[in-house]
Amino acid sequence: LAVDRQTQIYESLSVKNTGMVVAIDLGEWNDIHPDRKKDVGDRLALLAEDIAYNEKNIVSSGPIYQSSVINDNKIIIPTFDIKISNESRYVCYKNR
């Protein structure tokens with residue numbers, strides 16, 4: 001499933017001004033359709049507002065993995081300069 005999600009990210013974001021939110025944390029382990037539909041809608045609304053209006057006070061994303069470096073017995077993942085708010089504890093992907 002992780003490979004499928006990665007493919008979805010790259011394919012869906014090949015179109016400008018598009019986005020995708022992660023909702024895997026909103027459902028049950030045995031059902032791909034999340035029960036918490038309002039939370040999914042809230043995430044999509046934040047992303048749409050960010051893409052459409054590009055307002056500086058909207059936080060529609062969390063940190064996004066980009067790379068890692070193996071150094072001896074450690075894996076180093078760079079930190080990101082990204083805004084985090086209580087409304088944004090999930091990851092979304094967007095292409096402007």
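D39 forms a salt bridge with R36, and their closest N and O atoms sit 2.7 Å apart. That pair is a good way into this predicted model, whose structure holds three salt bridges. As background, side chains of opposite charge can pair when their charged atoms come close.

Here are the three pairs side by side:

| Acidic residue | Basic residue | N to O distance |
|---|---|---|
| D39 | R36 | 2.7 Å |
| D25 | R43 | 2.9 Å |
| D42 | K38 | 3.0 Å |

Let's look at how open each partner is. In the opening pair, D39 is partly exposed at 25% relative accessibility, and R36 is partly exposed too, at 43%. D42 and K38 lie four residues apart in helix α2, so about one helical turn separates them. Of these two, D42 counts as partly exposed because its relative accessibility is 36%, while K38 reaches 62% and counts as exposed.

The bridge between D25 and R43 links distant parts of the chain: D25 belongs to the loop between β1 (18-21) and α2, whereas R43 is in helix α2, 18 residues away. Is R43 buried or exposed? At 9% relative accessibility, R43 is buried; its partner D25, at 44%, is partly exposed.

Now to helix α2 itself, which runs over residues 37-53. With 17 residues at 1.5 Å each, α2 should span 24 Å, and the end C-alpha atoms are indeed 24 Å apart. Its buried residues are V40, R43, L47, D50 and I51. They cover an arc of only 100° around the axis, so they fall on the same side of α2. The face turned away from that buried side carries the exposed residues K37, K38, A52 and Y53. Just after the helix, N54 adopts a positive phi of about 50°.

Stepping back, the protein has two helices and four strands, arranged along the sequence as α-β-α-β-β-β. Of its 96 residues, 22% are buried. Among contacts between residues at least 6 apart in sequence, 53% join residues at least 24 apart.

The surface deserves a word as well. The protein exposes about 7500 Å², with carbon and sulfur atoms supplying 55% of that area. Which residues make the nonpolar surface patch of about 340 Å²? I70, I75 and I77 do. I70 is part of strand β2 (residues 69-71), and its relative accessibility of 67% is why I70 counts as exposed.

How values were computed
Residues numbered from 1 in each chain as written. Predicted model: local features only at pLDDT ≥ 70, side-chain atom pairs only at ≥ 80, totals over all residues. Heavy atoms only, no water. Patch = residues over 30% accessible without salt bridge, like charges linked within 9 Å, V, L, I, M, F, W, Y side chains within 5 Å. Areas by Shrake-Rupley, 256 points an atom, 1.4 Å probe, with all protein chains shown as cover. Salt bridge = Lys/Arg side-chain N within 4 Å of Asp/Glu carboxyl O. Buried < 20%, exposed > 50% of the residue type's maximum accessible area, 1.4 Å probe, protein only. Expected span 1.5 Å × (residues − 1). Arc of directions from axis to C-beta. Contact = heavy atoms within 4.5 Å.
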